Amino acid sequence: MLQRDIPVPQGLKNRKEMGNREVTEPQVHWRAAAVKAFEMEIIPANKIVAQIGEILILTCNTTGCSSPSFSWRTQMDNPLGGTVNNYGTYSTLTMDPVSVVNSHDYLCTVFCDKEGKKEKSVKVELYSFPSDPVIEISPSSVDGETVTVICKIPDVFPSDHLEIILKKEEHVLHEKNFYGDDSTTTETKTVSYSFIPMAEDIGKEITCMAKLPVPSMDFKPKERVSSQKLNANFGPQNTTITVSPGESPMEGDSLKLTCVTKSNPPAQIVWRKRLADQSIQYLIKNNVLSIPRARFNDSGLYICEVINLVTNKTENATVDIVIQGAPVITELSIKPSTTVQEGENVSIQCYAESNPPPKIILRRKSDSADMEPFSTESILLPSVMLLNGGDYECVAENKFGNSKSEITLNVEYGPKNTMISVIPATAVKEGETVVMKCTSSGNPSPSISWKKKKATGELEKIIKNATLTIQNLKSQDLGLYECEASNQLGKEEKAVELFVQARLETPDQMLPLIIAFSSITAVAVPVVAILIYVSRKAKINGSYSLVKALRLKV
């Protein structure tokens, strides 16, 4: 029995049985009980379908001939378009890469010295469908303007079987076939379609489906698909504002304004507010404007400005926000100041804000409850007086509630109504205690001091107190006393004169007293007249003097 090992022809790999041969990798073991007859075969056999650009190897193999010779040619004697290599009992024809010139019937002839020759042929058919379609959509497209979709099928062959379908999602936009094409080599085939996209088309899939259904060829894939999302630039449009909880929230509520628009690419959103003076205030660059705790001054017209920087288009939306709630007093003031001097012009003003607008009542608290207020919002006090001072109250109210605030008007004035009281009297006995008290009104409260007139006629300050007490009165305490009441706005003075009557210490002293009394009695009427006159004078001046009275008598 003859047994030998030879290299495996590439075309024989993966074949399980060939007659009584057993094929294994990497070697083929020939086991035969007797010498075989001269035979040949081409691997792959029959019709071959090859893709242009790939590698194709044809193997011509013999048995029963120890030293065969091989010859390769095409049916029409065209160039082989490949490389021939002989390996003992088999020969290969390698096409690397396969090209359109390889579309032939290939004939392999084997010559064996004793056995003659044998030949077989195999048909090579070619196709090219190497990659998926390439989709191009005209860039920077804008809503309302035409978009062109281009689908390219690279290096297709034979193109006369090519079919192309363009779709938007499941909707067919365009179909085209190339049945009449007579191209003899690979070509890139192109289909284009133009349409005007709508806003709702943005983000939808544009699909290009290419089919190459060649009935006589068995290859895969015969269908290739590519998709791309439509990305047209448009907008802004349909801009709206939503407000939570609503356009008339209560004071203190959280407020959220959201600006929604349709735009591609996404638009830039800016919030602004129109102020009372019609000027526009910039707020924030965001689609959401949040106010954690709404105040009355947050009321107003809000503007959402939407800008597409690619389309260079702008759109605005507005909303009028009205904050509701109980009144809040924003100002309660006294001008020029809460502390004024008597005679100044004074204005008291109260301001409050709310929605609905508040009713404002401004009055002095000490006034009777059933009295009408001075005014609803302000009080004007020309040449203010002491009696105008006090606490003023402002009440603002609407259907949601009320608010109160107070302020004090302090009216300052200089000392007035200064009075002196003497206990027991201005004429006292020596050794007694005399208490002189000085009172005065003023704002700020006056400071009281006492002065005594010296023998030289000058006044000497003796005490700073409202009460002057003289104990164990002596003759040297006789004289004129002056009370001075003062504050930063002025001063006022009042005077009193004390006369000290000496006590009689012995009986002999009674005689002069009797003589004096008789003399006084003799002139009683003039003295009484003088005293009445002096008393009236004292009421006017706040003091009197017996010395002056005596002088008048003289």
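This note sets out, in numbered points, the main features of a predicted model of a protein chain.

1. Overall make-up. The protein chain contains three helices and 40 strands. Of its 554 residues, buried ones make up 38%. The accessible surface comes to about 31,400 Å², and carbon and sulfur atoms account for 50% of that area.

2. Contacts along the sequence. Among contacts in the protein chain with a separation of 6 or more, 62% are between residues 24 or more positions apart. A salt bridge that links separate parts of the chain is described in point 6.

3. The open sheet. Strands E27, E29 and E31 form an open sheet of three strands, in that order, with antiparallel pairing. Its edge strands are E27, which covers residues 325-335, and E31, which covers residues 378-381; each of these pairs on one side only. From one strand to the next, the twist averages 10 degrees. Within this sheet, E27 and strand E29 (residues 346-355) run antiparallel and are joined by eight bridges. Ile329 provides a point of reference, since it stands opposite Ala352 in E29.

4. Strands E30, E32 and E33. Strand E30 (residues 359-364) pairs with strand E32 (residues 390-398) in the antiparallel sense, over six bridges. In this pairing, Ile360 stands opposite Ala396 in E32. Strand E32 also pairs in the antiparallel sense with strand E33 (residues 401-423), here over nine bridges. Asp391 has Thr408 as its bridge partner in E33. The connection from E32 to E33 is a hairpin through two residues. As general background, strands of a sheet pair through backbone hydrogen bonds, in either a parallel or an antiparallel manner.

5. Salt bridges in general. The structure holds 17 salt bridges. The three pairs discussed below are among them, and they are described together with the accessibility of their residues.

6. Lys168 and Asp201. These two residues form a salt bridge in which the closest N and O atoms are 3.2 Å apart. Lys168 belongs to strand E15 (residues 163-168), whereas Asp201 lies in the loop between strand E17 (187-195) and strand E18 (205-211); the pair therefore ties together parts that are 33 residues apart in sequence. Lys168 has a relative accessibility of 15% and so counts as buried. Asp201, at 5% relative accessibility, counts as buried too.

7. Glu187 and Lys189. The side chains of Glu187 and Lys189 meet in a salt bridge, with an N to O distance of 2.5 Å. Are the two residues buried or partly exposed? Glu187 is partly exposed, its relative accessible area being 31%. Lys189 is buried, with a value of 7%.

8. Glu484, Lys491 and their network. Glu484 forms a salt bridge with Lys491, and the closest N and O atoms are 3.7 Å apart. Glu484 is buried, with a relative accessible area of 11%, whereas Lys491 counts as exposed at 56% relative accessibility. Both residues belong to a network of salt bridges that links Lys451, Glu484, Lys491 and Glu493.

9. Places to begin in the model. For strand pairing, a reader may start from Ile329 opposite Ala352 in E29, and then turn to the hairpin that joins E32 to E33. For side-chain pairing, the salt bridge of Lys168 with Asp201 and the network that includes Lys451 and Glu493 may be examined next.

Technical notes
Residues are numbered from 1 along each chain as its sequence is written. This is a predicted model: local features need pLDDT of at least 70, side-chain atom pairs count only at pLDDT 80 or more; totals for chains, interfaces and linings use all residues. Side-chain values use heavy atoms; hydrogens and water are left out. Two strands pair if DSSP finds at least two bridges between them. Helices (H or I, at least four residues) and strands (E, at least two) are DSSP runs, numbered from the N terminus. Axes are lines fitted to C-alpha atoms, for helices over the stretch in contact, and angles run from 0 to 180 degrees between N-to-C directions. A salt bridge is a side-chain nitrogen of Lys or Arg within 4 Å of a carboxyl oxygen of Asp or Glu. Buried means under 20% relative accessible area, exposed over 50%, partly exposed in between (1.4 Å probe, protein chains only). Contact means heavy atoms within 4.5 Å. Accessible areas come from the Shrake-Rupley method with a 1.4 Å probe; for residues, only the protein chains shown count as cover.
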